[in-house]
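Here is a short, friendly tour to read with the model open beside you. We will stop at two ligand sites, a pair of buried residues and a handful of salt bridges.

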Amino acid sequence: MPAAKDSRSAPLIVGLGEALFDCFEDKQVLGGAPLNVAIHADALLRPHGGSAVTATRVGSDPLGDEVVRTLQQRKVATDWVQRDANSPTGRVQVTLDEQGVASYVFEKNSAWDAIEFTPAFDELAGRCDAVAFGTLCQRSETSRQTIQKFLAAASGAVRLFDVNLRQDYYSTDLLRDSLRLANAAKVNEEELAILDERLLGGAGGERPMPGVAADLREKFALEWVAVTRGPQGAALMNADGWIEGEQPAALEEADANRDTVGAGDACCAGLLTGTLLGWPAARTLSLANAMGSFVASRSGATPELPQRIIDIVQAV
Ligand SMILES: Nc1ncnc2c1ncn2[C@@H]1O[C@H](COP(=O)(O)OP(=O)(O)O)[C@@H](O)[C@H]1O
Ligand SMILES: O=C(O)C(=O)C[C@H](O)[C@H](O)COP(=O)(O)O
């Protein structure tokens, strides 16, 4: 795994992007990859004196208030939550299939689209140890520029591109540019096949995953490429080759109303935590799988972590 920026004892992770509400048929749940990563990573790093935050922008509306209130309840600092008086907090319509697998339709022109690269963001970028970002948070020209500036200022950090591909919001150029800004990537199987086809000249889905991950890693000079594979768990390609962790738990004892929303984000929190704590890749992947399967077994993206997961991070 890439080493943390230095051996500081209080690692700091930033989830950079849009905090939003996942709107299901019968409920509205706070989410958005950056917020999910921040809440989970903060809980994981706390026993080590570390923390995580989200750098985001929400409306000056009741949903924006709820974002701030939820972060406060989960003891995540809100200093980098910008408020926008002119545009609403983001919302996404989520539809679940019979397996609880989600598809998304995003509402346009949300507060995030006007995210500013402020001196406070600059200061945060300069001292964080890891930052996670995706494609969705680069819908507007303003947000694209803010992401670029933040990542340039975070040049010493682990910069994880979690592709989080939503079909309406990506172009090949955006994918290529994002991979160039990153030094690590997390994709699911479908995203890996799309990147193979679009950026590596593959037929898409025909080549074995380790080979595609190795080519992606080499082409974009990434330290590692993690591939999430649903119930098979995550694996990653780094300088040592293709590495697997302990498999995720089956979802037998899962909530009846479970959904997979946020499983990938929880996995990212585990990947970044293990990386910053200097763990071997296999152990990091085991934590990522424990996180992913726990969140996949529950409703919503940010259930409170059980003690058995905190025990994994606490054990030396
Ligand atoms: N059905 C499942 N059973 C056990 N673990 C799961 C299941 N679905 C997801 N996970 C865990 O969550 C991680 C992320 O899920 P996945 O659906 O592959 O990613 P993404 O949400 O990014 O598309 C997996 O690597 C695995 O650890
Ligand atoms: O921000 C986004 O990209 C969203 O779609 C909002 C969702 O709350 C999560 O991001 C779901 O993420 P995963 O299920 O882990 O892939």
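Asn289 is a good place to start: this residue sits in helix α9, which spans residues 281-296. Keep in mind as you look around that the model is predicted. Asn289 is also among the residues that come nearest to ligand 1, so we begin with that ligand and then move on to ligand 2.

**Ligand 1 and its surroundings**

- Ligand 1 has 18 residues around it, and those that come nearest are Lys186, Asn188, Thr228, Gly230 and Asn289.
- Which elements each supply at least two residues of the shell around ligand 1? They are β10 (184-188), α8 and α9.
- Helix α9 gives the largest share of this shell, with four residues.
- Sorted by class, the shell around ligand 1 holds eight nonpolar, eight polar and two charged residues.
- Backbone atoms take part as well: a backbone N or O atom of Gly230 is 2.7 Å from an oxygen atom of ligand 1.
- For Gly264 the corresponding backbone-to-oxygen distance is 3.2 Å, and for Ala234 it is 3.4 Å.
- Taken on its own, ligand 1 has 550 Å² of accessible area, and the protein covers 83% of it.

**Asn289, beside ligand 1**

- Is Asn289 buried or exposed? Asn289 counts as buried, because its relative accessibility is 2% and the cut-off for buried is under 20%.
- Setting aside neighbours within four places in sequence, Asn289 is in contact with Gly233, Ala234, Gly245, Glu246, Gln247 and Pro248.
- Ala234 therefore turns up twice in this part of the model: as a contact of Asn289, and through a backbone N or O atom that lies 3.4 Å from an oxygen atom of ligand 1.

**Ligand 2 and its surroundings**

- Ligand 2 is surrounded by 17 residues, the closest being Asp22, Ala33, Arg166, Gly262 and Asp265.
- At least two residues of its shell come from each of β2 (20-23), α1 (33-45), β7 (102-106) and α8 (263-276).
- Helix α8 supplies the largest share of the shell around ligand 2, namely three residues.
- The classes in this shell are seven nonpolar, seven polar and three charged residues.
- A backbone N or O atom of Gly262 lies 2.7 Å from an oxygen atom of ligand 2.
- Ala33 also has a backbone N or O atom 2.9 Å from an oxygen atom of ligand 2, and a polar backbone atom of Gly32 is 2.9 Å from an oxygen atom of this ligand.
- The protein covers 93% of the 400 Å² of accessible area that ligand 2 has on its own.

**Arg74, a buried arginine**

- Look for Arg74 in the loop between α2 (62-73) and β5 (81-84).
- Arg74 is buried, since its relative accessible area is 17% and buried means under 20%.
- Beyond residues up to four places away in sequence, Arg74 touches Ile39, Asp42, Arg46, Thr302, Pro303 and Glu304.

**Salt bridges**

- How many salt bridges does the count come to? The total is 16.
- One of them joins the side chains of Arg139 and Glu18, at 3.0 Å from N to O.
- This pair links distant parts of the chain, 121 residues apart: Arg139 is in the loop between β8 (130-133) and α4 (141-153), and Glu18 is in the loop between β1 (12-16) and β2.
- Glu18 is buried, with a relative accessible area of 4%.
- Arg91 and Glu107 form another salt bridge, with their closest N and O atoms 3.2 Å apart.
- Arg91 lies in strand β6 (residues 90-96) and Glu107 in the loop between β7 and α3 (119-127), so this pair ties together parts that are 16 residues apart in sequence.
- Both partners are partly exposed: Arg91 has a relative accessible area of 26%, and Glu107 has one of 33%.
- Arg207 and Asp196 meet through their side chains at 2.9 Å, N to O.
- Arg207 is in the loop between α6 (189-199) and α7 (209-219), while Asp196 is in helix α6, 11 residues apart.
- In this pair Arg207 is partly exposed at 32% relative accessible area, whereas Asp196 is buried at 1%.
- Finally, salt bridges that share partners join Glu18, Asp113 and Arg139 into one network.

How values were computed
Residues numbered from 1 in each chain as written. Chains lettered and ligands numbered in written order. Predicted model: local features only at pLDDT ≥ 70, side-chain atom pairs only at ≥ 80, totals over all residues. Heavy atoms only, no water. Buried < 20%, exposed > 50% of the residue type's maximum accessible area, 1.4 Å probe, protein only. Contact = heavy atoms within 4.5 Å. Near = heavy atom within 4 Å. Polar contact = N/O pair within 3.5 Å; in protein donor to acceptor, adjacent residues only side chain to side chain. Areas by Shrake-Rupley, 256 points an atom, 1.4 Å probe, with all protein chains shown as cover. Nonpolar A, V, L, I, M, F, W, Y, C, P; charged D, E, K, R; others polar. Salt bridge = Lys/Arg side-chain N within 4 Å of Asp/Glu carboxyl O.
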